Amino acid sequence: MSSPRPIRIAPSILSSDFARLGPEVQAIDAAGADYIHIDVMDGHFVPNLTIGPAVVKALRPWSEKPFDCHLMIAPADPYLEAFAQAGADIITIHPEAGSHLHRSLQTIKALGKKAGIALNPATPTAVLDHVMDLADLVLVMTVNPGFGGQSFLPLLDKIRDVRARITAGGREIDLQIDGGVTPQTAVAAIEAGADVLVAGSAVFKGGAQAYADNIAALRPKAR
Ligand code: DX5
Ligand code: ZN
């Protein structure tokens, strides 16, 4: 099956030069990024600490592309408004980060933002059963969250399952994959139904002069 929607690339700034975050965001925007993927980690839900709302706010003037904030924090609810006010366009949460996924998604929508649901490798797709009408994005994690530079887990049946759910629902919902995405691993994932590729290492390798080529290399080649 070929993807029904254009493939979009969401560089993860986790792999960028943190001493130069603003110019890095500007550089990937100019290099063709579709979304700016911002990995928010709390040292509790995942074993790493990264970015908070103040940094998102500081980055907002550096790009007009959608800010795709992937919250790997628990609880997430107390911070949803802060990320919305900081300039997030998409707020993605993990079901395990709170007791009431439906309510958290309602909160994100009430803040006027797009809502995403992120599935860890071991999280079954059944968690989507009663919340798909609130989702604008489903993120299938293809590594265990916490770090860039890990190897891609080929969860292709899971990607197919999510794609089938999106098709059955008939609404536009992004199917994002995140972790270990390279021009090689992207092929099968796109074939399985992914249409937004998050990539950190594969985009930021080689320095700013390589970003445009790195992003282009992730897009499917015309056949
Ligand atoms: C992992 C993050 C990813 C990560 C991807 O917890 O959610 O976005 O930065 O990095 P790569 O592409 O290097 O696997
Ligand atoms: Zn991410």
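Here are some friendly notes on this predicted model, going from the sheet to the metal site and then to the helices and one loop.

1. **The sheet as a whole.** A good place to start is the open sheet, which has eight strands in the order 1-8-7-6-5-4-3-2, with parallel pairing. Strand 1 (8-11) and strand 2 are the edge strands, each pairing on one side only. On average, neighbouring strands of this sheet are turned by 25° against each other, direction ignored. As general background, strands of a sheet pair through backbone hydrogen bonds, in either a parallel or an antiparallel way.

2. **The strand 2 edge.** How many residues of strand 2 are buried? Six of the six are, so strand 2 is largely enclosed by the rest of the structure. It is worth looking at this with side chains switched on: I36, I38 and V40 lie on one side, H37, D39 and M41 on the other, and all are buried, so that both faces are covered. In a regular strand, side chains alternate between the two faces of the sheet. The partner of strand 2 is strand 3, paired in the parallel sense over six bridges. Within that pairing, D39 has H70 in strand 3 as its bridge partner.

3. **The zinc site.** Those two residues bring us to the metal. The zinc ion (ligand 2) is coordinated by H37 through NE2, D39 through OD, H70 through ND1 and D178 through OD, at 2.0 to 2.3 Å. Along the sequence, the spacing of these donor residues reads H-x1-D-x30-H-x107-D. D39 lies in strand 2 (residues 36-41) and D178 in strand 7 (residues 174-178), so this pair ties together parts that are 139 residues apart in sequence. Both of these aspartates are buried: D39 has a relative accessible area of 5%, and D178 has a relative accessibility of 8%.

4. **Geometry at the zinc.** Which geometry does the site of the zinc ion (ligand 2) have? The site is octahedral, with six donor atoms and angles of 66 to 167° among them. For reference, ideal angles for six octahedral donors are 90 or 180 degrees.

5. **The strand 1 edge and its neighbours.** At the other edge, strand 1 pairs with strand 8 in the parallel sense over four bridges, and A10 stands opposite V198. Strand 8 (residues 196-199) is covered on both faces, with V196 and V198 buried on one side and L197 and A199 buried on the other. Strand 7 also runs parallel to strand 8, joined by three bridges. Here V198 turns up again, opposite the zinc donor D178.

6. **The middle of the sheet.** Four bridges join strand 5 (residues 114-119) to strand 6 (residues 137-141), and these two run parallel. G116 is the residue opposite L137 in strand 6.

7. **L175 as a packing point.** L175 sits in strand 7 and is buried, at 0% relative accessibility. Its contacts, not counting residues up to four places away in sequence, include V138 and V140, then I159, V162, R163 and I166, and also G193, A194, D195 and V196. With D195, 20 residues along the chain, the C-alpha separation is 5.5 Å.

8. **Helix 5 and helix 6.** Helix 5 (residues 156-169) lies across strand 5, strand 6 and strand 7, and runs at about 165° to strand 7. Its axis and that of helix 6 (residues 183-192) come within 8 Å and cross at roughly 35°. This crossing is right-handed. The residues that meet are L156, I159, R160 and R163 from helix 5 with A188, A189 and A192 from helix 6.

9. **A cis peptide to check by eye.** Where is A74 found? A74 is in the loop between strand 3 (67-72) and helix 3 (80-86), and P75 has its place in that loop too. The bond joining A74 and P75 is a cis peptide bond, with omega about -5°. In general, most peptide bonds are trans. A74 is buried, with a relative accessible area of 19% against a cut-off of under 20%. Leaving out residues up to four places away in sequence, A74 touches D42, H44, F45 and A97. A74 and G43 are 31 residues apart in sequence, and their C-alpha atoms are 9.6 Å apart in space.

Notes:
Residues numbered from 1 in each chain as written. Chains lettered and ligands numbered in written order. Predicted model: local features only at pLDDT ≥ 70, side-chain atom pairs only at ≥ 80, totals over all residues. Heavy atoms only, no water. Donors = N, O, S within 2.8 Å, 3.2 Å for Na, K, Ca; no water. Tetrahedral: all angles 85-135°; square planar, octahedral: opposite > 155°, others 65-115°. Buried < 20%, exposed > 50% of the residue type's maximum accessible area, 1.4 Å probe, protein only. Pairing = 2+ DSSP bridges. Axes fitted to C-alpha atoms, helices over the stretch in contact; angles between N-to-C directions. Contact = heavy atoms within 4.5 Å. Left-handed = near helix turned anticlockwise from the far one by under 90°.
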